[in-house]
Structures are given as structure tokens and as C-alpha cells.
Amino acid sequence: MGEIKKIKNLKEFSTSADRFEGANLLCPGCAHSIIVREVLNATNDDLVLSASTGCLEVCTAVYPYTSWDASWIHIGFENGSTAVAGAEAMYKALKRKGRLKQPDREPKFVSFAGDGASYDIGFQWISGCMERGHNIMHVVLDNEVYANTGGQRSSSTPIGGSTTTSPAGRVSYGEKQNKKDMVAIMAAHGIPYSAQVAPNKWKDMVKKIQYGLEVEGPVFINAMSPCTTEWKFDPKDTMMISDLATDSLVFPLYEIIDGHKLNITYRPKTVIPVEEYLAAQGRFKHLFKDEYKHLIKEWQERVDKQWEMLQRREEAGV
Amino acid sequence: MSMENTGWDGFEIGAMLRSFDGPAKDIALTKQEDRNYSKNNSFTASVADWRIIKPVFNKDYCIDCQFCWVYCPDISIISRDKKMLGVDYDHCKGCGICVEVCPTNPKSLLMFPEQKDTEEAIAEWPEKEKKEK
Ligand SMILES: Cc1ncc(C[n+]2csc(CCOP(=O)(O)OP(=O)(O)O)c2C)c(N)n1
Ligand code: SF4
Ligand code: SF4
Ligand code: SF4
Ligand SMILES: [Mg+2]
């Protein structure tokens with residue numbers, strides 16, 4: 001315990017004993033569980049976990065079952081982060097008073113929440129955790145929609161995405177607002193580590209999770225989570241969609257250290273046109289009609305601009 | 001207990017489920033087969049009836065790359081000592097991701113109808129696909 005788990009390659013990683021179980025009720029092909037497995041398997045340390053209301057929580061704690069093999073708490077939609085922060089504060093207090101039952105074991109504190117629970121409804125709770133400096137990691141399962149309640153838009157839904165509350169049709173092309181930049185907002189709290197990850201890049205994920213679990217202080221992780229139901233693609237294609245997302249740079253992978261130093265952690269060998277990413281998902285189908293086609297060009301321009309900005313920030317090294 | 005006659009204090013304010021029977025230490029170092037799962041652990045449940053198609057494993061072509069293990073959402077690829085051993089059909093939901101990510105030619109995992117006999121499936125395994133020039 002206490003040592004960083006050695007994961008040199010995928011074969012070594014596959015000797016992990018999962019602490020997340022099957023026969024949960026997540027959809028076939030759901031990326032939430034792929035992400036959770038990669039996060040939990042990155043460490044052998046004891047874990048104190050939480051999940052905010054959302055697909056992950058609702059599908060893994062259906063009475064009389066739990067799918068979690070570690071201490072796990074659920075309270076509400078907005079306060080998974082504070083639940084874990086409370087446990088962490090209690091742990092610190094007991095430690096200070098010399099009252100820990102197993103002082104040799106240092107647990108890691110991780111809260112999982114959806115984009116709805118993080119970008120919108122739990123926003124101030126997370127911000128509070130970051131600002132108070134708890135030694136916790138908050139992981140967003142970012143499927144860009146309130147999936148669990150039937151696909152309403154969140155402030156993570158990107159422009160043009162059709163959702164039940166921003167439906168595309170004769171008068172609208174879907175979501176009008178741009179996706180909120182949560183990694184930047186969280187980094188602006190001056191926290192030691194914030195990063196964006198994706199399930200297809202498991203090695204990048206493990207590296208970032210291990211760094212985040214070791215560093216002292218709050219950590220924010222935004223994990224892209226393709227949702228077969230709401231993004232509208234075949235369950236077998238979850239990893240293909242993830243590859244399109246990272247290789248089109250729609251979801252660039254990077255980290256921000258100490259609130260300012262930005263490193264890009266993945267550079268695709270061949271950058272794929274954003275159009276291919278959009279075309280693979282039903283939620284963007286309408287963008288290929290003549291009247292909305294100009295939006296695809298705008299998408300590409302936005303992604304190019306974002307990539308340019310990230311590269312400049314990395315170069316500047318400030 | 002009727003709602004009308006009960007104050008807030010009368011309700012259960014939470015529930016706790018134990019994942020394991022007896023003491024549980026170093027679960028991260030204990031393989032599933034050596035764990036003392038409680039009846040409340042979803043490991044003891046099955047979602048086999050969700051499937052209409054299932055992945056069949058043909059070990060003849062497998063190179064133990066473990067892509068199927070890492071990307072299976074449902075902890076249904078059984079890998080031990082860096083070797084892929086097979087599919088856990090109690091927990092597999094038949095999504096087909098493992099087949100998509102399998103890099104061998106022919107694939108070492110393929111989807112078949114749920115009722116298909118495994119030996120029959122293996123007998124029908126496709127030949128190596130020729131690369132188009
Ligand atoms: C305070 C509060 N508001 C609304 C809800 C209803 N609700 C439950 S889950 C959910 C959607 C969750 O969306 P997200 O956080 O993105 O997670 P996902 O299901 O997409 O993984 C909503 C709106 C609730 N449980 N509590
Ligand atoms: S709706 Fe989406 S996020 Fe929710 S369980 Fe299904 S695939 Fe996963
Ligand atoms: S079909 Fe899906 S759930 Fe079943 S073993 Fe393959 S990846 Fe896992
Ligand atoms: S992905 Fe295919 S080759 Fe790799 S371990 Fe799985 S079955 Fe074997
Ligand atoms: Mg969501």
C-alpha cells in the first residue's frame with residue numbers, strides 16, 4: 001500500500017482485480033463503466049468513493065445490490081463531491097487525533113459524477129471542494145447530456161447536439177450554446193491538477209489518475225464518456241466513437257498543473273475531420289441537411305481554434 | 001407504517017449494503033474467485049438474459065493483447081496471469097465491444113446468436129482475411 005501501482009503495459013494492467021462489478025444495470029456498451037474500471041484499477045490503495053445521482057449511481061446501487069467493492073456513498077445529485085470531501089476531512093481529523101483504526105493504510109478519496117451533476121447542479125459544491133483544498137479527486141463522466149432522466153441538455157452539451165430539451169427540427173438545429181470549459185474553470189481555482197481523459201487512451205488515463213491520486217490537494221478529471229443511448233450509436237462502437245473524438249481533437253487530451261502549466265498529452269498521428277466524428281452519431285444527424293451544413297464548417301473552425309489555443313498555452317509554459 | 005402517522009424521524013434515513021461477508025481486506029489484491037461476495041453484491045446476479053447475441057472466444061488466434069479486457073464495460077473478459085481465458089456469460093451484456101477491439105486476423109472473438117452452440121461457432125470460424133492491395 002502507498003506505493004504507486006506498477007502498470008507498464010496492458011498485459012500488466014490486466015492482472016488487476018476489479019473493484020467494480022458486472023450485473024449492474026448500465027446500458028450495454030456504456031462508457032461510464034469502462035472509465036470507472038480504468039480509474040479504480042489504476043491503484044491498489046483503499047478507496048472511499050461516491051457517486052452523484054445519474055446513470056452510474058442509479059445503475060450500480062439498485063437495492064438489494066451494490067456493484068462496488070470499496071466504501072461507496074451516495075447522497076444526492078449535487079453533493080457527491082462534498083460527501084467525499086466530508087469523509088476526507090473526517091479522516092484527517094481522526095489522523096490528527098491518532099484515532100485511525102488502520103493508520104498504516106491511506107485511502108484515496110474519489111467522487112464520480114455526470115456532467116449534469118458537475119457542470120450544472122453540483123457546480124458550487126465542487127467549486128467549494130476545490131477552493132477548500134480537500135485531498136480528493138472529482139471525476140466527471142462527461143456524456144454531454146442528462147442521460148439518466150431521458151437526455152436533457154446540460155451546459156456540457158455542444159452546439160448542434162439534439163437533445164430532448166434542445167431538439168433539432170424545422171426551426172432549430174439543436175443546442176445553441178457552446179460547451180462550458182470546465183477543465184479551465186476548475187484549473188482557475190489554482191488546484192494542483194486538472195486534466196481531460198478518454199477511455200480509449202487507457203495509458204494516458206492511468207498516468208493521469210495515478211498522478212492525481214498522489215498529488216496533495218484537489219484534483220479535477222473530465223472523462224469523455226460516449227453514451228450509446230443519447231449520442232445514438234450502436235453499443236459495439238463505443239471505442240470507435242472514442243477514437244474519433246480524440247483523433248478529431250473534439251476531445252483533446254491535456255493536463256493543467258498547479259492551475260496554469262498546460263501539457264498536451266496526446267497528439268494524433270493523423271487528425272480526422274470533425275465531420276467524421278459528427279457523422280457517426282445520431283444526435284448530429286440533422287447537421288448534414290443542406291440548411292445546417294454550414295454548422296459543420298463552424299464546428300471544425302471551433303475545434304481548430306481550441307487546438308491552436310492549447311498549443312499556444314503549452315508553448316508559453318506559463 | 002402509514003405515511004400519515006409517521007414523522008420524518010420515523011423513516012429509515014439510509015441503507016448500508018455489505019459487498020462481502022466477513023472481513024474484507026486487500027480486495028484489490030484478491031481475484032474474484034477468492035472473494036467472499038455477499039448476496040448483495042451484483043456479482044452474484046446475472047444479466048445473461050439481456051443478450052440476444054454473445055461473443056464466442058476462439059483461443060487459437062488470440063495473442064493475449066488484453067484490449068478486450070480493458071474495454072469490456074462489464075468485467076466479463078476473464079483474464080488471469082496476462083492470459084485471456086474466456087467470457088463470463090453471467091455478466092456479459094452482448095455489447096460487442098470486445099469483438100470490435102480484437103486486433104487479430106481472423107478475430108479471436110466473434111458475435112453469434114445467443115442460442116448458438118460454442119463448438120459449432122468455432123467450427124464455422126472464418127479464414128484469415130486477405131488484405132486488399
Ligand atoms: C437535485 C436534483 N435534481 C434533479 C434530479 C433528477 N436527476 C436524476 S439523475 C439526473 C440526470 C443526471 O445527468 P448527469 O449528471 O449528466 O449524469 P448521466 O446520467 O448523464 O450520467 C437528473 C436530472 C435529482 N435527482 N436531484
Ligand atoms: S444512457 Fe448512456 S450513460 Fe446512461 S447507462 Fe446508457 S449508455 Fe450509459
Ligand atoms: S460483448 Fe460486451 S459485455 Fe460481453 S464480453 Fe464483450 S465487451 Fe464485455
Ligand atoms: S482482444 Fe482478441 S487477441 Fe486480444 S486478448 Fe482479447 S481475444 Fe485475445
Ligand atoms: Mg451526463
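**A buried glutamate, ligand shells and the A–B interface**

In chain A, A:E175 sits in the loop that runs between β4 (137–142) and α7 (182–187). The model described here is predicted. The relative accessibility of A:E175 is 2%. A:E175 is therefore classed as buried, the cut-off being under 20%. Its side chain is in polar contact with the side chain of A:R153, at 2.8 Å. A second polar partner is a backbone atom: the nitrogen of A:Q177 lies 3.4 Å from a polar atom of the A:E175 side chain. Leaving aside residues up to four places away in sequence, A:E175 touches A:R153, A:T157, A:P158, A:I159, A:G160, A:G161 and A:S166. A:R153 thus appears both in this contact list and as the polar partner of the A:E175 side chain.

Helix α6 of chain A covers residues 123–132. Its buried residues are A:I126, A:G128, A:C129 and A:M130. In an α-helix there are 3.6 residues to a turn, so residues three or four places apart point the same way. The buried residues of α6(A) pack against three helices and two strands of chain A: α4 (80–96), α5 (115–120) and α7, with β4 and β6 (219–224). Strand β4 and helix α7 also flank the loop that holds A:E175. Just after α6(A), A:G133 adopts a positive phi of about 80°.

Ligand 1 has 16 residues around it. Those that come nearest are A:H32, A:C55, A:G116, A:A117 and A:V145. Polar atoms of chain A approach oxygen atoms of the ligand at several points. In the side chain of A:H32, an N or O atom is 2.8 Å from an oxygen atom of ligand 1. The backbone contributes as well. A backbone N or O atom of A:V145 is 2.9 Å from a ligand 1 oxygen. For A:A147, a backbone N or O atom is likewise 2.9 Å from an oxygen atom of ligand 1.

The shell of ligand 2 consists of A:L26, A:C27, A:C30, A:H32, A:C55, A:N143, A:A147, A:C227, A:T228 and A:T229. By class, six of these residues are nonpolar and four are polar, with no charged residues. A:H32 and A:C55 belong to this shell and are also among the nearest residues to ligand 1. A:A147 lines ligand 2 and places a backbone N or O atom 2.9 Å from an oxygen of ligand 1.

Ligand 4 is surrounded by 13 residues. The closest are B:C62, B:C65, B:Q66, B:C68 and B:C102. The shell divides into nine nonpolar, three polar and one charged residues.

Chains A and B each contribute 44 residues to their contact. The size of an interface is often given as the accessible area lost when the parts come together. Between chain A and chain B, the buried area is about 3,700 Å². Carbon and sulfur atoms give 59% of that area. Three salt bridges cross the interface of chain A and chain B. One of them links A:D69 to B:R35, with the closest N and O atoms 2.9 Å apart. Residue pairs in polar contact across this interface number 23, both members being at pLDDT 80 or more. Helices α1 (10–13), α2 (31–40) and α10 (238–247) of chain A each supply at least two residues of the side that touches chain B. That side of chain A has 19 nonpolar, 14 polar and eleven charged residues.

Several loops show backbone features of note. The peptide bond from A:Y63 to A:P64 is cis, with omega near 10°. A:P64 lies between α3 (55–60) and β2 (71–73) of chain A, in the loop. In chain B, the peptide bond from B:N105 to B:P106 is cis, with omega near -5°. The loop that holds B:P106 runs between α2 (97–101) and β4 (109–113) of chain B.

Two aspartates have a positive phi. A:D258 has phi near 50°, a positive value in a residue other than glycine. A:D258 is in the loop between β7 (254–257) and β8 (261–264) of chain A. With a relative accessibility of 45%, A:D258 is partly exposed. In B:D81, phi is again positive and near 50°. This residue occupies the loop between β2 (77–80) and β3 (83–87) of chain B. B:D81 has a relative accessible area of 67%, so B:D81 counts as exposed.

Terms used:
Residues numbered from 1 in each chain as written. Chains lettered and ligands numbered in written order. Predicted model: local features only at pLDDT ≥ 70, side-chain atom pairs only at ≥ 80, totals over all residues. Heavy atoms only, no water. Contact = heavy atoms within 4.5 Å. Buried area = accessible area lost by both parts, 1.4 Å probe. Salt bridge = Lys/Arg side-chain N within 4 Å of Asp/Glu carboxyl O. Polar contact = N/O pair within 3.5 Å; in protein donor to acceptor, adjacent residues only side chain to side chain. Helix = DSSP H or I, 4+ residues; strand = E, 2+ residues; numbered from the N terminus. Nonpolar A, V, L, I, M, F, W, Y, C, P; charged D, E, K, R; others polar. Buried < 20%, exposed > 50% of the residue type's maximum accessible area, 1.4 Å probe, protein only. Near = heavy atom within 4 Å.
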